[in-house]
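Here's a quick tour of one protein chain, meant to be read with the structure open beside it. Have a look first, then come back for the details.

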Amino acid sequence: MSKKIFTPINQVRFTNVAIVRLKKGGLRFEIACYKNKVVEWRKQVETSLDEVLQTPTIFTNTSKGVAAKRKDLQKCFGTTDETKIAEIILEKGEVQVAGEERKVENDTIFNEIASIVSEKCVHPDTQRQIPVKNIEKAMRDIHYSIVPGQNAKKQALDVIKKIQKELPEFPMERAHMRLRIVIDGKEVEGLKEKLNNQVVKWQEAKKKKGGEEEEGEEEEEEEEEEKGDRVGIEVEIKPEN
(Lines give C-alpha, C1' and ligand atoms only; values in the text may rest on other atoms or scores of the structure.)
Protein backbone atom coordinates (compact mmCIF):
# COMPACT_ATOMS: atom_id res chain seq x y z
CA MET A 1 0.00 0.00 0.00
CA SER A 2 1.43 3.37 -1.03
CA LYS A 3 2.20 6.00 1.55
CA LYS A 4 0.12 9.16 1.47
CA ILE A 5 1.03 12.51 2.91
CA PHE A 6 -2.16 14.24 3.94
CA THR A 7 -2.03 18.01 4.28
CA PRO A 8 -4.00 19.28 7.29
CA ILE A 9 -6.13 22.36 6.80
CA ASN A 10 -3.83 24.43 9.00
CA GLN A 11 -0.67 23.24 7.24
CA VAL A 12 0.85 25.41 4.49
CA ARG A 13 1.05 23.67 1.14
CA PHE A 14 4.08 23.85 -1.16
CA THR A 15 4.49 27.32 -2.64
CA ASN A 16 6.78 28.52 -5.42
CA VAL A 17 6.97 24.86 -6.41
CA ALA A 18 8.33 23.33 -9.59
CA ILE A 19 7.55 19.67 -10.11
CA VAL A 20 10.23 17.72 -11.97
CA ARG A 21 8.90 14.48 -13.44
CA LEU A 22 10.67 11.41 -14.81
CA LYS A 23 9.03 8.34 -16.34
CA LYS A 24 11.07 5.19 -15.77
CA GLY A 25 10.18 1.53 -15.93
CA GLY A 26 6.61 2.39 -16.88
CA LEU A 27 6.14 4.43 -13.71
CA ARG A 28 6.09 8.16 -12.97
CA PHE A 29 8.32 9.71 -10.34
CA GLU A 30 8.26 13.32 -9.18
CA ILE A 31 10.13 15.66 -6.86
CA ALA A 32 9.03 19.04 -5.51
CA CYS A 33 11.63 21.77 -6.09
CA TYR A 34 11.96 25.53 -5.86
CA LYS A 35 11.37 27.00 -9.32
CA ASN A 36 14.53 29.03 -9.80
CA LYS A 37 16.76 26.42 -8.21
CA VAL A 38 16.15 23.72 -10.85
CA VAL A 39 17.80 25.80 -13.56
CA GLU A 40 20.62 26.80 -11.23
CA TRP A 41 21.25 23.14 -10.34
CA ARG A 42 21.43 22.13 -14.00
CA LYS A 43 23.85 24.96 -14.70
CA GLN A 44 25.87 23.85 -11.67
CA VAL A 45 25.38 27.26 -10.07
CA GLU A 46 23.61 25.63 -7.13
CA THR A 47 25.34 22.53 -5.73
CA SER A 48 23.36 21.96 -2.53
CA LEU A 49 20.46 19.59 -3.06
CA ASP A 50 18.83 20.87 0.13
CA GLU A 51 18.51 24.31 -1.49
CA VAL A 52 16.79 22.80 -4.53
CA LEU A 53 14.31 20.34 -3.00
CA GLN A 54 11.30 21.44 -1.00
CA THR A 55 11.20 17.92 0.48
CA PRO A 56 13.46 14.90 -0.04
CA THR A 57 10.44 12.64 -0.67
CA ILE A 58 10.08 10.99 -4.08
CA PHE A 59 6.44 11.13 -5.22
CA THR A 60 4.34 9.42 -7.85
CA ASN A 61 1.84 12.27 -7.58
CA THR A 62 3.14 15.38 -5.84
CA SER A 63 -0.12 17.35 -5.93
CA LYS A 64 -1.97 14.52 -4.12
CA GLY A 65 0.94 13.79 -1.80
CA VAL A 66 1.36 10.16 -2.94
CA ALA A 67 4.89 8.98 -2.20
CA ALA A 68 6.60 6.35 -4.33
CA LYS A 69 6.83 2.77 -3.01
CA ARG A 70 10.29 1.65 -1.96
CA LYS A 71 10.01 -1.52 -4.07
CA ASP A 72 9.27 0.64 -7.16
CA LEU A 73 12.29 2.83 -6.42
CA GLN A 74 14.51 -0.24 -6.08
CA LYS A 75 13.13 -1.79 -9.27
CA CYS A 76 13.46 1.34 -11.43
CA PHE A 77 16.55 3.01 -10.00
CA GLY A 78 18.40 0.10 -8.42
CA THR A 79 18.40 1.91 -5.06
CA THR A 80 16.05 3.32 -2.44
CA ASP A 81 18.39 6.21 -1.64
CA GLU A 82 16.08 9.16 -2.29
CA THR A 83 18.98 11.61 -2.50
CA LYS A 84 20.56 9.72 -5.39
CA ILE A 85 17.18 9.25 -7.06
CA ALA A 86 16.39 12.97 -6.72
CA GLU A 87 19.67 13.79 -8.46
CA ILE A 88 18.75 11.46 -11.35
CA ILE A 89 15.29 13.03 -11.67
CA LEU A 90 16.80 16.53 -11.57
CA GLU A 91 19.23 15.63 -14.33
CA LYS A 92 16.91 13.74 -16.67
CA GLY A 93 13.39 14.79 -15.70
CA GLU A 94 11.07 17.37 -17.22
CA VAL A 95 9.95 20.44 -15.31
CA GLN A 96 6.16 20.61 -15.14
CA VAL A 97 4.60 24.04 -15.54
CA ALA A 98 1.05 24.93 -14.50
CA GLY A 99 -1.33 26.05 -17.23
CA GLU A 100 -1.50 29.67 -16.10
CA GLU A 101 2.27 29.89 -15.66
CA ARG A 102 2.85 28.29 -19.06
CA LYS A 103 0.58 30.89 -20.68
CA VAL A 104 2.48 33.75 -19.04
CA GLU A 105 5.80 32.22 -20.08
CA ASN A 106 4.63 31.67 -23.68
CA ASP A 107 3.26 35.21 -23.90
CA THR A 108 6.63 36.56 -22.75
CA ILE A 109 8.53 34.49 -25.31
CA PHE A 110 6.01 35.42 -28.01
CA ASN A 111 6.62 39.12 -27.34
CA GLU A 112 10.39 38.59 -27.22
CA ILE A 113 10.33 36.88 -30.62
CA ALA A 114 8.24 39.70 -32.10
CA SER A 115 10.65 42.29 -30.66
CA ILE A 116 13.65 40.56 -32.26
CA VAL A 117 11.85 40.39 -35.62
CA SER A 118 11.00 44.08 -35.31
CA GLU A 119 14.68 44.90 -34.71
CA LYS A 120 15.83 42.86 -37.71
CA CYS A 121 13.22 44.00 -40.24
CA VAL A 122 11.93 47.20 -41.82
CA HIS A 123 9.08 48.34 -44.07
CA PRO A 124 10.41 48.07 -47.67
CA ASP A 125 9.00 51.47 -48.69
CA THR A 126 9.75 53.61 -45.67
CA GLN A 127 12.77 51.66 -44.36
CA ARG A 128 11.37 52.23 -40.89
CA GLN A 129 11.27 49.65 -38.13
CA ILE A 130 8.02 47.66 -38.05
CA PRO A 131 6.08 48.04 -34.78
CA VAL A 132 6.16 45.01 -32.50
CA LYS A 133 2.35 44.87 -32.34
CA ASN A 134 2.22 44.51 -36.15
CA ILE A 135 4.70 41.63 -36.00
CA GLU A 136 2.64 39.96 -33.25
CA LYS A 137 -0.50 40.22 -35.41
CA ALA A 138 1.34 38.67 -38.36
CA MET A 139 2.56 35.85 -36.11
CA ARG A 140 -1.02 35.16 -35.05
CA ASP A 141 -2.18 35.29 -38.68
CA ILE A 142 0.27 32.53 -39.63
CA HIS A 143 -0.71 30.65 -36.44
CA TYR A 144 2.85 30.54 -35.17
CA SER A 145 3.32 28.30 -32.13
CA ILE A 146 6.12 28.70 -29.60
CA VAL A 147 8.73 25.94 -29.77
CA PRO A 148 9.49 24.84 -26.18
CA GLY A 149 13.18 24.78 -25.33
CA GLN A 150 14.27 26.75 -28.40
CA ASN A 151 15.73 30.21 -27.85
CA ALA A 152 13.80 33.29 -28.99
CA LYS A 153 16.45 34.42 -31.49
CA LYS A 154 16.32 31.16 -33.44
CA GLN A 155 12.52 31.27 -33.46
CA ALA A 156 12.57 34.89 -34.62
CA LEU A 157 14.63 33.92 -37.67
CA ASP A 158 12.09 31.19 -38.41
CA VAL A 159 9.21 33.64 -37.99
CA ILE A 160 10.74 36.00 -40.58
CA LYS A 161 10.87 33.20 -43.15
CA LYS A 162 7.33 32.04 -42.38
CA ILE A 163 5.82 35.52 -42.59
CA GLN A 164 7.56 36.23 -45.90
CA LYS A 165 6.37 32.89 -47.27
CA GLU A 166 2.82 32.72 -45.89
CA LEU A 167 2.01 36.46 -45.83
CA PRO A 168 3.64 37.84 -48.98
CA GLU A 169 1.37 40.89 -48.74
CA PHE A 170 2.86 41.83 -45.36
CA PRO A 171 5.38 44.66 -46.04
CA MET A 172 8.61 43.44 -44.48
CA GLU A 173 12.22 42.92 -45.46
CA ARG A 174 15.46 42.35 -43.61
CA ALA A 175 17.09 45.58 -42.45
CA HIS A 176 20.51 46.54 -43.78
CA MET A 177 23.16 47.70 -41.40
CA ARG A 178 24.47 51.23 -41.93
CA LEU A 179 28.12 51.97 -41.41
CA ARG A 180 29.20 55.55 -40.82
CA ILE A 181 32.88 56.32 -41.10
CA VAL A 182 34.40 59.69 -40.26
CA ILE A 183 37.83 60.15 -41.86
CA ASP A 184 40.12 62.80 -43.29
CA GLY A 185 38.79 64.16 -46.59
CA LYS A 186 41.78 63.18 -48.74
CA GLU A 187 41.30 59.50 -47.93
CA VAL A 188 37.64 59.33 -48.86
CA GLU A 189 37.89 58.13 -52.45
CA GLY A 190 40.35 55.34 -51.77
CA LEU A 191 38.39 54.00 -48.81
CA LYS A 192 35.07 54.29 -50.63
CA GLU A 193 36.39 52.12 -53.46
CA LYS A 194 37.66 49.47 -51.04
CA LEU A 195 34.37 49.40 -49.18
CA ASN A 196 32.34 49.17 -52.37
CA ASN A 197 34.47 46.22 -53.48
CA GLN A 198 33.92 44.54 -50.13
CA VAL A 199 30.16 45.05 -50.35
CA VAL A 200 30.16 43.40 -53.79
CA LYS A 201 32.05 40.43 -52.34
CA TRP A 202 29.53 40.12 -49.51
CA GLN A 203 26.62 40.25 -51.95
CA GLU A 204 28.19 37.56 -54.13
CA ALA A 205 28.81 35.41 -51.09
CA LYS A 206 25.18 35.81 -50.03
CA LYS A 207 23.90 34.74 -53.47
CA LYS A 208 26.21 31.74 -53.46
CA LYS A 209 25.05 30.67 -50.02
CA GLY A 210 21.42 31.18 -51.04
CA GLY A 211 21.83 28.64 -53.85
CA GLU A 212 23.14 25.90 -51.62
CA GLU A 213 20.90 23.50 -49.72
CA GLU A 214 22.65 22.65 -46.47
CA GLU A 215 21.39 21.29 -43.19
CA GLY A 216 23.43 21.96 -40.08
CA GLU A 217 23.22 22.37 -36.36
CA GLU A 218 21.14 25.17 -34.86
CA GLU A 219 24.26 27.20 -34.08
CA GLU A 220 25.46 26.95 -37.69
CA GLU A 221 22.07 28.06 -38.98
CA GLU A 222 22.10 31.10 -36.71
CA GLU A 223 25.63 31.92 -37.83
CA GLU A 224 24.52 31.89 -41.46
CA GLU A 225 21.60 34.16 -40.61
CA GLU A 226 23.95 36.59 -38.89
CA LYS A 227 26.14 36.60 -41.98
CA GLY A 228 23.02 37.50 -43.89
CA ASP A 229 22.62 40.55 -41.70
CA ARG A 230 26.12 41.71 -42.56
CA VAL A 231 25.70 41.31 -46.32
CA GLY A 232 24.45 44.33 -48.24
CA ILE A 233 25.78 47.00 -45.90
CA GLU A 234 24.91 50.57 -46.82
CA VAL A 235 27.94 52.80 -46.44
CA GLU A 236 27.76 56.48 -45.60
CA ILE A 237 31.10 58.28 -45.56
CA LYS A 238 31.34 61.80 -44.19
CA PRO A 239 34.71 63.55 -44.39
CA GLU A 240 35.94 65.20 -41.22
CA ASN A 241 35.83 69.01 -41.35
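What follows goes from the whole chain to its strands and then to its nonpolar cores.

## The chain as a whole

One thing up front: this is a predicted model. The chain has 241 residues, and 32% of them are buried. Its secondary structure comes to nine helices and nine strands.

Now for the surface and the contacts. The chain exposes about 16,600 Å² of accessible surface, with carbon and sulfur atoms accounting for 48% of that. If you take the contacts between residues at least 6 apart in sequence, 64% of them join residues at least 24 apart.

## A hairpin and its neighbor

Start with strands β1 (residues 17-24) and β2 (residues 27-34), which pair in the antiparallel sense over eight bridges. At one pairing position, V17 sits opposite Y34 of β2. The two strands make a hairpin with two residues between them, and G25 in that turn takes a positive phi of about 60°.

β1 has another partner as well: strand β5 (residues 94-96) runs antiparallel to β1 and is joined to it by three bridges. Here you'll find V20 of β1 facing V95 of β5.

## F59, tucked away

Is F59 buried or exposed? Its relative accessibility is just 2%, so F59 counts as buried, the cut-off being under 20%. This residue belongs to strand β3 (residues 59-61).

F59 also gives us a link back to the residue range of β2, which spans residues 27-34. The C-alpha atoms of F59 and E30 are 4.9 Å apart, although 29 residues separate the pair along the chain.

## Two nonpolar cores

Which residues have the most contacts inside the largest nonpolar core? That core holds 21 residues, and the ones with the most contacts inside it are I113, V117, I135, M139, I163, F170 and M172. Helices α5 (99-120), α6 (132-141) and α7 (152-166) each put at least two residues into this core.

V117 is a handy place to zoom in. Leaving aside residues up to four places away in sequence, V117 touches I135, A156, V159, I160 and M172. Of these, I135 and M172 are themselves on the list of residues with the most contacts inside the core.

There's another core too, lying apart from the largest one. This one has 20 residues, including V52, A68, C76 and F77.

Note on methods. Residues numbered from 1 in each chain as written. Predicted model: local features only at pLDDT ≥ 70, side-chain atom pairs only at ≥ 80, totals over all residues. Heavy atoms only, no water. Pairing = 2+ DSSP bridges. Helix = DSSP H or I, 4+ residues; strand = E, 2+ residues; numbered from the N terminus. Buried < 20%, exposed > 50% of the residue type's maximum accessible area, 1.4 Å probe, protein only. Core = buried A, V, L, I, M, F, W, Y, C linked by side-chain atoms within 4.5 Å. Contact = heavy atoms within 4.5 Å. Areas by Shrake-Rupley, 256 points an atom, 1.4 Å probe, with all protein chains shown as cover.
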